[in-house]
Amino acid sequence: MRLRGMERLSGLWLLALFAVGCSRAPVVIPLEPMEVYAFRQTQGGVRVAVDPFFTVEQTRGAFHGGEEFAEKGLLPLRVIIENTSPGDITVHPRDFQLVRPSGQTEVALSAYDAFARVRLAVGWWGLGAGVVGGSVPAYRNEARLKDIEARALRETTIPAGTSVSGFVYFALAENELNLAGSRVVFPLRGPANRELVYEIPIAGRRDIPIPTGRPDTAGSTPPPGPVTPQGPSRTEGTGGRGVIIRSPAQ
């Protein structure tokens with residue numbers, strides 16, 4: 001009887017641990033109209049916006065354990081691509097680079113390397129099953145890894161008239177406060193392996209909200225006041241793919 005009681009308590013303990021790590025499914029992050037994003041560029045009918053999730057408020061709402069990402073040196077950068085060109089476009093997440101004002105360049109991390117920067121330490125007693133050990137930190141790690149992988153931008157082909165979104169991840173210096181002077185550089189590949197190279201300046205501080213409605217780097221200025229979508233809003237789902245309903249001005 002005593003053994004059965006211990007087994008029952010052990011089962012309840014493991015169930016509680018599982019609930020700690022997996023109590024929240026990844027929330028859907030709505031996509032705004034392209035004009036709302038502060039950092040964007042258009043080339044050849046392909047519009048791209050990048051949105052650095054740099055503050056605790058942004059990362060906490062999007063990722064398990066996201067409130068620790070900045071202090072642990074991880075920058076999730078959301079990428080939104082709308083292909084209104086006549087041909088297909090290919091995106092490779094590992095082609096993304098974060099270039100500092102000094103010229104120092106960070107190459108985008110794989111999802112697992114991004115997770116490694118925010119992984120919680122797990123004692124030897126919790127390592128029996130790899131990432132999903134038998135401890136509270138192990139279950140929290142599993143939730144962090146799932147979020148990072150699920151939200152990652154995929155290597156994919158974007159047919160004409162469609163869009164994709166997802167996150168690329170960069171390493172930061174621990175406790176870095178300011179992104180001013182940095183830029184995101186990456187190519188997109190079109191028909192016949194033609195490259196469209198984007199170079200988008202970004203900015204932001206942890207203690208100052210990033211403004212919206214700036215002119216994009218291609219030179220267009222969004223209309224004043226709030227922007228109302230001209231069609232159904234798009235959301236980021238598995239793979240980040242969605243159909244462009246509206247016809248952008250550019």
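**Reading burial, rings and helix packing**

Visitor: Is phenylalanine 186 buried or exposed?

Guide: Burial is read from relative accessible area: under 20% is buried, over 50% exposed, and anything in between partly exposed, using a 1.4 Å probe and protein chains only. Phenylalanine 186 has a relative accessibility of 1%, so it counts as buried. The model is predicted: local features need pLDDT of at least 70, side-chain atom pairs count only at pLDDT 80 or more, and totals for chains, interfaces and linings use all residues. Residues are numbered from 1 along each chain as its sequence is written, and side-chain values use heavy atoms, with hydrogens and water left out.

Visitor: What share of the protein counts as buried?

Guide: Of its 250 residues, 44% count as buried. The secondary structure comprises 4 helices and 11 strands, where helices (H or I, at least four residues) and strands (E, at least two) are DSSP runs numbered from the N terminus.

Visitor: How many aromatic pairs are there in the whole structure?

Guide: Rings of Phe, Tyr and Trp (its six-membered ring) pair if their centres lie within 6.5 Å; planes under 30 degrees apart are stacked, over 60 edge-to-face, and the rest tilted. The search finds 8 such pairs. In one of them, phenylalanine 63 and phenylalanine 167 have ring centres 5.3 Å apart and planes at 70 degrees, so the pair is edge-to-face. Phenylalanine 63 sits in the loop between helix 2 (56–62) and strand 3 (74–83), while phenylalanine 167 is in strand 8 (residues 162–171), 104 residues apart. Both of these phenylalanines, 63 and 167, are buried.

Visitor: Where does phenylalanine 186 fit in, and which residue is its partner?

Guide: Phenylalanine 186 and tyrosine 198 have ring centres 5.3 Å apart and planes at 5 degrees, so this pair is stacked. The pair links strand 9 (residues 183–189), which holds phenylalanine 186, to strand 10 (residues 195–201), which holds tyrosine 198, 12 residues apart. Tyrosine 198 counts as buried because its relative accessibility is 0%.

Visitor: Which residues form an aromatic cluster?

Guide: Phe53, Phe63, Phe69, Phe167 and Tyr169 form one.

Visitor: At what angle do helix 3 and helix 4 pack?

Guide: Axes are lines fitted to C-alpha atoms, for helices over the stretch in contact, and angles run from 0 to 180 degrees between N-to-C directions. Helix 3 (residues 111–118) and helix 4 (residues 136–151) pack at about 140 degrees, with axes 9 Å apart. On the helix 3 side the contact (heavy atoms within 4.5 Å) is made by Ala111, Tyr112, Ala114, Phe115 and Val118, and on the helix 4 side by Asn141, Arg144, Leu145, Ile148 and Glu149.

Visitor: How exposed is glutamate 149 of helix 4, and what does this residue touch?

Guide: Glutamate 149 has a relative accessible area of 35%, so it is partly exposed. Leaving aside residues up to four places away in sequence, glutamate 149 touches Ala111 and Arg154. Its C-alpha lies 8.6 Å from that of phenylalanine 115, which is 34 residues away in sequence.

Visitor: Arginine 151 also lies in helix 4. Is arginine 151 buried or exposed?

Guide: Arginine 151 counts as buried, because its relative accessibility is 6%. Its side chain reaches the backbone oxygen of alanine 62 at 2.8 Å.

Visitor: And aspartate 113, in helix 3?

Guide: Aspartate 113 is partly exposed, with a relative accessible area of 39%. Aspartate 113 and phenylalanine 170 are 57 residues apart in sequence and 9.5 Å apart in space, C-alpha to C-alpha.

Key. A polar contact is a pair of N or O atoms within 3.5 Å; within protein, one must be able to donate a hydrogen and the other to accept it, and residues adjacent in sequence count only if both atoms are side-chain atoms.
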